[in-house]
Amino acid sequence: TGSPITKSPLALFSQCAFLDKKLLGYDNFTVFKAKYAVMFSIERGGYNIQIPKYYVNLEELEYKLKNFSYRVRKKDCLDLPEKMYVQRHIELPDEQRIAYEKLKATAIILLQNDEVSYNNKLTELLKLQLVANGFVKTNDGKIVDFKTNAKLKELMSILEESEDKCIIWANYVHNIEMIKTKLGETYGKDSVVSIYGKDSVDVRNKAVESFQSDDRCRFLVGNPTVGGYGLTLTAARNVIYFSNSYNLEVRQQSEDRAHRYGQTSQVTYIDLIATDTIDEMVLHNLENKIELSAKTLGEQVQKWL
């Protein structure tokens, strides 16, 4: 179930080899990788790691797949309403923008320096994401909020526009707890439940039950990596992404918690995007992965976002 390609065409090797190593004509991943990807090296943790720069011979790979596979998508076998995608672009307040631009200038210098480790470069990108989401983490681990969180303000504005139930996905624990607190203060504690790493399995199960069946519970706030798999949350009519990650599988799976068997209404997906920030780069990255997956599978690229 799910898309066979959410990260790269190279993910096909292990899936096909599990069935039969002869299917793709390769029993060695290194040889397979050399056929379908041009690689380059990065230094990580004192080791050189090969990662794909771009992919080649995808038409040949598509032809091989079609010789032994048959793909049926959800839209072809379930009578579900269409998804609707909306973007809400947000201008960062001056305080956030100044902090963001300072970090961005530092990040550009480090990203262009070949002597800086891969992990340190990722850390700089992470800092940019934190600022875009309304807070920073100091060197001693202390979290500091900006005076005005533009995304939180926009989120509350969106929720005032509808009385429907809503899922709110966020990648950072601080954002999840901040949103849950704000919703509890505004709409009452019974109006919101959460699903994230700090919640026990029992708490998560009760959260799903309340969201699905209790009219008082309007909001579910969670981490899409934790709550985005296997759950049925068809009571939701709106799904808001306070933030996104680079993981396409997490995005697609978390979308489908509300858009699955039992859903009778159109589901609207709303992305909160801080303008001229890394938020735009993350969405662009996800779109590229969707296009690459479609190209490898020989399918038409679906409009998304």
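# Exercises on a predicted model

D199 sits in the loop that runs between β7 (192–195) and α9 (201–213). The structure is a predicted model, and the exercises below start from this residue.

## Exercise 1. The surroundings of D199

Task: Determine which side chain of opposite charge is nearest to D199, and describe what D199 touches.

Solution.
1. D199 is buried and has no salt bridge.
2. The nearest side chain of opposite charge is that of K180, at 5.1 Å. A salt bridge requires a nitrogen of Lys or Arg within 4 Å of a carboxyl oxygen, so K180 does not qualify as a partner of D199.
3. A polar contact of 2.8 Å joins the side chain of D199 to the side chain of S194.
4. With neighbours within four places in sequence set aside, the contacts of D199 are S194 and R204.

## Exercise 2. Salt bridges within a helix

Task: For the pairs E62 and K66 and R97 and E101, give the N to O distance, the spacing along the helix and the exposure of each partner.

Solution.
1. E62 and K66 form a salt bridge through their side chains, at 3.2 Å from N to O.
2. Both belong to helix α3 and are four residues apart, which means that about one helical turn separates them.
3. E62 has a relative accessible area of 19% and is therefore buried. K66, with 51%, is exposed.
4. In the other pair, R97 and E101 have their closest N and O atoms 3.0 Å apart.
5. R97 and E101 lie in helix α5 (residues 94–111), again with a spacing of four residues, about one turn.
6. R97 is buried because its relative accessibility is 18%. E101 has 33% and so counts as partly exposed.

## Exercise 3. A salt bridge between distant parts of the chain

Task: Locate the two partners of the salt bridge between D256 and K83, and state which residues are joined into one network by salt bridges that share partners.

Solution.
1. The closest N and O atoms of D256 and K83 are 2.9 Å apart.
2. D256 lies in the loop between α11 (248–255) and β10, while K83 is in strand β3 (residues 83–90); the two are 173 residues apart, and the pair links distant parts of the chain.
3. K83 has a relative accessible area of 23%, so it is partly exposed.
4. Salt bridges with shared partners connect K83, R251, E255, D256 and D271 in one network.
5. For the whole structure, the search finds 16 salt bridges.

## Exercise 4. I42 and the second largest pocket

Task: Give the volume of the second largest pocket, name the residues closest to its centre, and describe the setting of I42.

Solution.
1. The volume of the second largest pocket is about 820 Å³.
2. Its lining has 24 residues, and those closest to the centre are F40, I42, I51, P52 and Y118.
3. The elements that contribute two or more residues to this lining are β1 (37–44), β2 (47–55), α6 (118–132) and α12 (278–297).
4. I42 is part of strand β1. Its relative accessibility is 12%, so I42 counts as buried.
5. Apart from neighbours within four places in sequence, I42 is in contact with Y47, N48, I49, I51 and Y118.
6. From I42 to A99 the C-alpha to C-alpha distance is 29 Å, with their positions 57 residues apart in sequence.

## Exercise 5. The largest cavity

Task: State how many cavities of 30 Å³ or more the structure holds, and identify the lining of the largest cavity.

Solution.
1. There are two cavities of 30 Å³ or more.
2. The largest cavity encloses about 80 Å³.
3. Its lining consists of Q129, N133, K151, S243, N244, D271, L272, I273, D279, V282 and L283.
4. At least two of the lining residues come from β10 (267–274), and at least two from α12.
5. One of the lining residues, D271, is also in the salt-bridge network of Exercise 3.

## Exercise 6. Positive phi

Task: Describe the phi angles of N57 and D276, and place both residues in the chain.

Solution.
1. Most residues other than glycine have a negative phi.
2. N57 is not glycine, yet its phi is positive, near 55 degrees.
3. N57 is in the loop between β2 and α3 (58–66). Its relative accessibility is 37%, so N57 counts as partly exposed.
4. D276 likewise has a positive phi near 55 degrees, and this residue is found in the loop between β10 and α12.

Methods. Residues numbered from 1 in each chain as written. Predicted model: local features only at pLDDT ≥ 70, side-chain atom pairs only at ≥ 80, totals over all residues. Heavy atoms only, no water. Buried < 20%, exposed > 50% of the residue type's maximum accessible area, 1.4 Å probe, protein only. Lys, Arg positive; Asp, Glu negative; His and termini not counted. Polar contact = N/O pair within 3.5 Å; in protein donor to acceptor, adjacent residues only side chain to side chain. Contact = heavy atoms within 4.5 Å. 1 Å grid on protein atoms, 1.4 Å probe; cavity = no way out; pocket = protein on both sides within 12 Å on 5 of 7 lines; lining within 4 Å. Points joined across faces, edges and corners; volume = space filled by probe spheres on them.
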